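This report is meant for a reader who is meeting the structure for the first time. Please keep the sequence and the three-dimensional view at hand while reading.

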Amino acid sequence: MGDLDFTGKTVLVVGGSSGIGNGIAHAFKARGASVHVWGTRATVADYAGEEGSGLSGLGYAQVDVSDFDAVAAVRPAFTSLDVLVLAQGTVIYRRGEFEMAGFQKVMDVNLGSIMACATKFHPMLKAAKGSLITISSTAAYHATIGNPAYNASKAGAVGLTRTLAVSWAGDGIRVNGIAPGLVDTKLTRVTTQNPERLAASLQGIPAKRLGTPEDMAGVALFLASPLSAYVYGQTIPVDGGLILS
Ligand SMILES: NC(=O)c1ccc[n+]([C@@H]2O[C@H](COP(=O)([O-])OP(=O)(O)OC[C@H]3O[C@@H](n4cnc5c(N)ncnc54)[C@H](OP(=O)(O)O)[C@@H]3O)[C@@H](O)[C@H]2O)c1
């Protein structure tokens with residue numbers, strides 16, 4: 001596997017309990033890494049029966065990353081960290097993001113938490129000359145009617161990815177991001193389980209299919225590997241061509 005062999009490396013995927021993050025976590029595990037994930041539920045058993053590849057073989061901790069003091073206080077189960085993937089995220093429908101409480105919640109989970117987790121692990125990433133990978137969204141690049149906080153948080157994540165990359169380049173840390181298009185996860189059920197909305201969405205995707213967590217994982221592996229050694233501060237759309245059409 002060469003450049004994509006992560007044997008001996010430690011990876012933390014925040015939001016790795018489900019969806020895209022879970023796919024990324026298993027991709028690193030399959031390539032030899034010791035992989036830890038964070039999620040919102042108390043124990044691994046609380047995820048039994050969920051879709052996805054599960055938490056088998058992954059370290060698990062419950063951390064609400066919108067509680068920035070809690071993030072700072074975490075005592076991780078590892079002492080070194082090579083790759084930090086920030087795949088946490090949420091959205092509120094039915095105009096909940098037009099209420100300030102809802103707006104703030106989504107901003108905290110999707111954007112503030114990136115800063116909280118990145119600064120928490122900056123010392124370990126610096127020691128390892130590691131990689132930080134953010135998961136934003138193609139929503140960063142167009143309006144999302146009904147979801148002002150989701151849009152602002154994702155546009156913010158793209159900017160933060162740039163600035164952390166420049167700020168920490170001298171520490172030997174590479175920071176990059178992935179902007180997924182439409183991936184079938186519990187976050188997108190409102191679209192994928194509505195046949196009319198699904199058909200309309202597929203119409204706008206040149207690849208003519210939804211993305212998968214594995215599609216995102218391929219790019220995460222690349223961004224964590226020496227193959228991308230000269231890529232700094234970029235957020236790569238992984239969207240089947242969605243934002244081009
Ligand atoms: N699916 C898409 O089409 C799509 C498109 C563009 C961008 N994205 C982005 O991709 C990322 C992953 O989303 P997904 O689609 O894979 O959805 P998902 O399956 O719902 O995964 C979201 C993850 O974030 C965790 N999380 C949510 N709130 C949290 C909190 N307060 N503290 C700690 N963890 C929290 C969830 O934990 P639990 O498992 O405990 O719920 C879960 O692991 C998000 O940033 C999302 O915005 C997704």
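What follows goes from the whole chain to one pair of helices, and then to a few single residues.

## The chain as a whole

The model described here is predicted. The secondary structure of the protein chain comprises 7 helices and 7 strands, and, read from the N terminus, these elements follow one another in the order β-α-β-β-α-β-α-β-α-β-α-α-α-β. Along the principal axes, the C-alpha atoms occupy a box of roughly 50 × 40 × 35 Å. For 245 residues a compact globule would be expected to have a radius of gyration near 18 Å, and the 17 Å found for the protein chain therefore agrees with that expectation. Of the 245 residues, 44% are buried. Among the contacts whose partners have a separation of 6 or more, 71% are between residues 24 or more positions apart.

## Helices α3 and α4

How do the axes of α3 and α4 lie, roughly parallel or roughly antiparallel? The axes of helix α3, residues 100–128, and helix α4, residues 148–168, come within 8 Å and cross at roughly 15°. An angle under 35 degrees counts as roughly parallel, and α3 and α4 are therefore roughly parallel to each other. The crossing in which α3 passes α4 is right-handed.

The residues that α3 brings to this contact include G102, F103, V106 and M107, as well as N110, L111, I114, M115 and A118. On the side of α4, the partners include P148, A149, Y150, A152 and S153, and also K154, G156, A157, L160 and L164. Sorted by class, the contact of α3 with α4 has 14 nonpolar, 4 polar and 1 charged residues.

## A140 and its surroundings

A140 is located in the loop between β5 (131–135) and α4. With 23 other C-beta atoms within 10 Å, A140 is buried, because the cut-off for that class is 20 or more. When its neighbours within four places in sequence are left aside, A140 is in contact with K154, A155, A157, V158 and A179. K154 and A157 also appear among the residues of α4 that meet α3.

Two C-alpha separations help to place A140 in space. Y150, 10 residues from A140 in sequence, is 8.6 Å away from C-alpha to C-alpha, and Y150 is also one of the α4 residues in the contact with α3. G159, 19 residues from A140 along the chain, has its C-alpha atom 9.7 Å from that of A140. G159 belongs to helix α4 and is partly exposed, with 14 other C-beta atoms within 10 Å.

## Two residues with positive phi

Most residues other than glycine have a negative phi. R94 and K208 are therefore worth finding in the view, since each has a positive phi in a residue other than glycine. The table sets out their values.

| Residue | Phi | C-beta neighbours inside 10 Å |
|---|---|---|
| R94 | near 55° | 9 neighbours |
| K208 | near 60° | 10 neighbours |

Where in the chain are R94 and K208 found? R94 sits in the loop between β4 (83–86) and α3, while K208 is in the loop between α6 (195–203) and α7 (213–224). R94 counts as exposed, and K208 counts as exposed too.

Key. Residues numbered from 1 in each chain as written. Predicted model: local features only at pLDDT ≥ 70, side-chain atom pairs only at ≥ 80, totals over all residues. Axes fitted to C-alpha atoms, helices over the stretch in contact; angles between N-to-C directions. Helix = DSSP H or I, 4+ residues; strand = E, 2+ residues; numbered from the N terminus. Parallel < 35°, antiparallel > 145°, perpendicular 65-115°, else oblique. Left-handed = near helix turned anticlockwise from the far one by under 90°. Contact = placed C-beta atoms within 7 Å. Nonpolar A, V, L, I, M, F, W, Y, C, P; charged D, E, K, R; others polar. Rg over C-alpha atoms; globule rule 2.2 N^0.38 Å. Buried ≥ 20, exposed ≤ 12 C-beta atoms within 10 Å, placed from the backbone.
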